[in-house]
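Colleague: Got a minute to go through this model with me? I'd like to start with the core.

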Amino acid sequence: MQRQEYIDPIKKDLSHFLLGIIEKSGAACSVDMLQKNFCAPPSLDLGHIAFPCFFLAKSLKKAPLQIASTLAQTIAALPAAARPTLIKQAKAEGPYLNFYLDLKELGTLVLEQILQEDQTFFKITISGQALPKTMIEFSQPNTHKELHVGHMRNLALGDSLIRLYRYCGFPVVSTTFPGDVGTHVAKCLWYLKHHQKEAIPTTMEKRGEFLGKIYTLAHKKLEEELGTPLESENREILTQILKELHQGHGEYFNLWKESREWSLLQMRNLYKWSDVHFDQWYFESEVDAPSVALIKKYLEKGLFVQSEGAVGVDLSSDNLGFCLLLKSDGNGLYATKDIELARRKFEEHKIEKSIYVVDVRQSLHFAQVFKVLELMGFAHAKDCIHLAYDFVELPDGAMSSRKGNIVPIQELIDEMVKLIRNNYLLQYENLWSEEEIARTAHHVAIGAIKYGMLRIDPQRKIVFDLPEWLKIDGESGPYIQYSHARISSLIEKVAPKYAASANNSAIPWEELKERSEEALMLKLADFNQVVISAQENNRPSFVCAYLYDLCKLYNNFYAECSVAHAASPEIGSARLALSKCVREVLREGLSLLGIPAPKRM
RNA sequence: GCGGGAAUAGCUCAGUUGGAUAGAGUAACUGGCUUCGAACCAGUAGGUCGGGGGUUCAAUUCCCUCUUCCCGUACCA
């Protein structure tokens, strides 16, 4: 990612100013070094933004303490005109040079961009090279299996990354890769055809779930019949099913086509509910045959070896073991398909970078696939990245569709919606339309579920406990949404009161003198840097933490400072403007997490 | 065995290029709605950052080592 780093206007101003001063004292230094060095003081008592002087100690051959105090004295001695208007005062505090900012300047420089009609603030401009066209693949559920809460982590993570990359200016293609072929499908069809006694639901929406349950039954039955006379018969049927699926015709093939749709409908419904959109759907079934042909071609070229009747590559020199590509029966594997798929992605979409959001258990798989692509001479092998996250498990261990110990995603959704309706929305029953109540419950449920998934760092596993998830107090999606709703309500009520002063004059930011007000202004200015950091590190959790902090600060301000009954119209209108800024940033931030921001709830 | 990851308050988690007094939520206790929405706010209490070494002016953060747990390790995906 060859691009210039985004620097917020405050740090840019301060570092250019500081550079002039430091260069005079003889230290080798650059704007870049300075910009990265700023940090937040532990308390606002110490200043608004801090500049640690440690890194200058070597080149200046002086103690950091001394450097800080010299810099502070130099700045104090400057005539006002030689100082940026943004800086009110610079004070040394131990090895730190702490700046106090002019809040009026901060308001006009940064906060008013948020309030612009075209929301200038949220359009970060990055100079330098164009950003690579990036494909992000996520959500690879199997058809014929049940969707569980683990799939939701992947969905929330992938979708948020799409939104973060787009916000940061990347051209992005979102894609999904459902597993619609394989032995799990064969098992399910076997049961459907030969043993299914359960009634098929009449409504299409229920059939995907039904199919998932059938799969579990099928797996159990096959396990039970191992070692009995039925075993070899079962195996023959499964082989026959796979053969028909491969050939593309026959009774089992027709049953596959029909039942596959049931699962796909369930996926589409989940994506719709979650407000997740894919630009491209790839299916395992469509890359299956071509992938086998591709491997055979390279086998002839002598790239792969035959071993124990199968075909693969020995990657042990790269510590990646042996990568199997064709089974002894001639069929391909997961890795085989991913090789063909990688080729297609770059060719069909002219992408320059390809990210796979898949759980950590596939790390070796992707390392092997990318290595094989490299050996095949695929130029873009180095542009493929596996973004691993740890998976979701239950208090009593890993989830397994085979064993049937999973929490279906629909169960979480239904319970969450029910909870929100019964505990919070009941009070609006005769005031709001049923449509609005349903929509609000839906939006808050999205907030609770997605935020719950995204706030945990991707590389940490999530132990899913439904009762815990249904507590939505404290740090949660609904907390942020509630803050947004309350601000919206406040603005609607109070805005008319200050309409006159708002129209006639500039926003009197200088009237904001309370600690909680200063803290909010500074926090708002951080937004874009947090978002970029979240994108660069592929961590939506950074945005979660930021939004939570912002809400915490706002709710503290809300409790202490009245907007409607401020001491003067100037203070009131400045507080109103501040509230509007917070609302805009919350709305934008939530949208990066794929979470709606309700106006009331 | 080898490879990868994790260990921070009772519980769930932040703490990212090493920096000022390690922070939230939750559970426990206390206070705050006649006042802009209490899905809220404020306070008390809770820590040898798994153990031990090392590098550094400075280590939860980097290096080494040990312990415990999780994942992966050719015909499943």
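Colleague: Which residues touch the most other members of the largest nonpolar core?
Modeller: Leu524, Leu547 and Val582 do, in a core of 145 residues. Core here means buried Ala, Val, Leu, Ile, Met, Phe, Trp, Tyr and Cys residues joined through C-beta atoms within 7 Å. Buried means 20 or more other C-beta atoms within 10 Å of a residue's own, with C-beta atoms placed from the backbone.

Colleague: What is Leu547 in contact with, beyond four places in sequence?
Modeller: Ile480, Leu586, Gly589 and Leu590, where contact means C-beta atoms, placed from the backbone, within 7 Å. There is also a second, separate core of 17 residues, including Val181, Ala186, Tyr215 and Leu245.

Colleague: Before I go on, how should I read the model and its numbering?
Modeller: This is a predicted model, where local features need pLDDT of at least 70 and side-chain atom pairs count only at pLDDT 80 or more, while totals for chains, interfaces and linings use all residues. Residues are numbered from 1 along each chain as its sequence is written, with chains lettered from A and ligands numbered from 1 in the order in which they are written.

Colleague: Switching to the RNA, how many residues surround strand B?
Modeller: There are 73, and Ala50, Phe54, Asp457, Gly474 and Ser489 are the closest. Near means a C-beta atom, placed from the backbone, within 6 Å of the strand.

Colleague: Which helix gives the most to that surface?
Modeller: H17, residues 477–494, with nine residues. Helices are DSSP runs of H or I, at least four residues, numbered from the N terminus.

Definitions and conventions. Helix = DSSP H or I, 4+ residues; strand = E, 2+ residues; numbered from the N terminus. Buried ≥ 20, exposed ≤ 12 C-beta atoms within 10 Å, placed from the backbone. Contact = placed C-beta atoms within 7 Å.
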